[in-house]
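Colleague: I should like a close look at a single part of this model. Please take the aromatic residues and the helices that carry them, and describe how they are arranged.

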Amino acid sequence: MRRRAAIGRWCAVFALAAVVAAPAVAQEADYARNLASTCFTCHGTDGRSVGGVPPSLAGQDKNYLLQAMKDFKAGKRPATLMHQQAKGYTDQQLELIAGYFAGAKPGPAAAAPAAR
């Protein structure tokens with residue numbers, strides 16, 4: 001009987017932890033999208049560029065994206081603009097950005113809305 005009560009308490013603790021952690025995960029996802037949104041101007045909404053120039057980021061490998069941004073930041077990879085962009089982020093922020101684009105569904109860029 002005591003064992004069952006102890007198991008019940010642990011289940012309650014884990015359930016509470018999950019409820020408390022869920023908003024933190026959602027906030028991190030929102031924060032990652034907000035950071036990544038600075039890339040949307042050139043790389044397209046959610047990283048799906050028009051015509052592939054500059055390249056689409058959606059669905060790319062997270063480690064590849066992270067290393068590319070770190071290389072831009074360090075000046076190891078030549079660029080006209082990316083080295084300046086990447087320098088504005090911490091390594092943790094670059095990791096969130098890379099994770100956001102890695103998790104984005106690849107595909108064609110969304111069509112522009114019709115003029116009214």
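Modeller: Phe 40, Tyr 100 and Phe 101 make up one aromatic cluster. The model in which this cluster appears is a predicted one. In total, 3 aromatic pairs are counted. In one of them, the ring centres of Phe 40 and Phe 101 are 6.3 Å apart, and because the planes stand at 70°, beyond the 60 degrees required, the pair is edge-to-face. Phe 40 belongs to helix α2 (residues 40-43) and Phe 101 to helix α5 (residues 91-103), so this pair ties together parts of the chain that are 61 residues apart in sequence.

As to accessibility, Phe 40 has a relative value of 13% and therefore counts as buried, the limit being 20%. Phe 101 has a relative accessible area of 2%, so Phe 101 is buried as well. Phe 101 also forms an edge-to-face aromatic pair with Tyr 100, with 5.4 Å from centre to centre and 75° between the planes. Both partners of that pair, Tyr 100 and Phe 101, are buried.

Phe 101 leads on to the packing of its helix, since it is among the residues of α5 that make the contact with α3. The axes of α3 and α5 come within 8 Å and cross at roughly 140°. Because angles over 145 degrees would be needed for a roughly antiparallel arrangement, α3 is classed as oblique to α5. The crossing of these two helices is right-handed. On the α3 side, the contact is made by Lys 62, Leu 65, Leu 66, Met 69, Lys 70 and Lys 73. On the α5 side, the residues are Asp 91, Leu 94, Glu 95, Ile 97, Ala 98, Gly 99, Phe 101 and Ala 102. Sorted by class, the contact of α3 with α5 holds 8 nonpolar, 1 polar and 5 charged residues.

Beyond α3 the chain enters a loop. Gly 75 is placed in the loop between α3 (62-74) and α4 (82-86). With a relative accessibility of 56%, Gly 75 is over the 50% limit and so counts as exposed. Gly 75 and Lys 87 are 12 residues apart in sequence, and their C-alpha atoms are 9.3 Å apart in space.

To return to the cluster, Phe 101 is paired edge-to-face with Phe 40 and likewise edge-to-face with Tyr 100, while Phe 101 also takes part in the contact between α3 and α5.

Note on methods:
Residues numbered from 1 in each chain as written. Predicted model: local features only at pLDDT ≥ 70, side-chain atom pairs only at ≥ 80, totals over all residues. Heavy atoms only, no water. Helix = DSSP H or I, 4+ residues; strand = E, 2+ residues; numbered from the N terminus. Buried < 20%, exposed > 50% of the residue type's maximum accessible area, 1.4 Å probe, protein only. Phe/Tyr/Trp six-rings, centres within 6.5 Å; stacked < 30°, edge-to-face > 60°. Axes fitted to C-alpha atoms, helices over the stretch in contact; angles between N-to-C directions. Parallel < 35°, antiparallel > 145°, perpendicular 65-115°, else oblique. Left-handed = near helix turned anticlockwise from the far one by under 90°. Contact = heavy atoms within 4.5 Å. Nonpolar A, V, L, I, M, F, W, Y, C, P; charged D, E, K, R; others polar.
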